Amino acid sequence: PTTLNKAAVGSVKGKFIKAGAGVADVDIELCPEPKMVFRETPCEGAAFVRKGKSGADGNWELGDVPAGGYRFAVK
């Protein structure tokens, strides 16, 4: 029998808050090493990237993230 080795995946979620209130429309990127200097996005050229935006209440969630080490870039 053939056994498939499926990597563990999950989601990362949080909330952007300023002065006690949720902050809407904040852009967020997740990748192994966001760049400090970039042309398009901090995660450009990364092998794995997830992008999202906070909702009206400041909440955000990035899904289908394989287990591993990542960093965030927030705009």
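**View 1. Who lines the largest pocket.** Asp27, Ile28, Glu29, Phe38, Glu40, Thr41, Pro42, Lys51, Gly52, Ala73, Val74 and Lys75 make up the wall of the largest pocket. Keep in mind that this is a predicted model. As for how much room there is, the volume of this pocket comes out at about 180 Å³.

**View 2. The strands behind the pocket wall.** Three elements each put two or more residues into the lining of the largest pocket: β4 (27-31), β5 (50-53) and β7 (71-74). Of these contributions, the largest share belongs to β4, which hands over three residues.

**View 3. Chemical make-up of the lining.** Sort the residues around the largest pocket by type and you get five nonpolar, five charged and two polar. Among the lining residues to pick out here are Asp27, Glu29, Lys51 and Lys75, which fall in the charged group, along with Ile28, Phe38 and Val74 from the nonpolar group.

**View 4. The disulfide.** One disulfide turns up in this model, and the partners are Cys31 and Cys43, with 2.2 Å between their sulfur atoms. That pair counts as a disulfide because the cut-off is 2.5 Å between cysteine sulfurs. The bridge ties together distant parts of the chain, 12 residues apart: Cys31 sits in strand β4, while Cys43 belongs to the loop between β4 and β5.

**View 5. Close-up on the S-S bond.** Looking at the twist, the Cys31 and Cys43 link is left-handed, with -80° about the S-S bond. Are Cys31 and Cys43 buried or exposed? Both cysteines, Cys31 and Cys43, are buried.

Conventions: Residues numbered from 1 in each chain as written. Predicted model: local features only at pLDDT ≥ 70, side-chain atom pairs only at ≥ 80, totals over all residues. Heavy atoms only, no water. 1 Å grid on protein atoms, 1.4 Å probe; cavity = no way out; pocket = protein on both sides within 12 Å on 5 of 7 lines; lining within 4 Å. Points joined across faces, edges and corners; volume = space filled by probe spheres on them. Helix = DSSP H or I, 4+ residues; strand = E, 2+ residues; numbered from the N terminus. Buried < 20%, exposed > 50% of the residue type's maximum accessible area, 1.4 Å probe, protein only.
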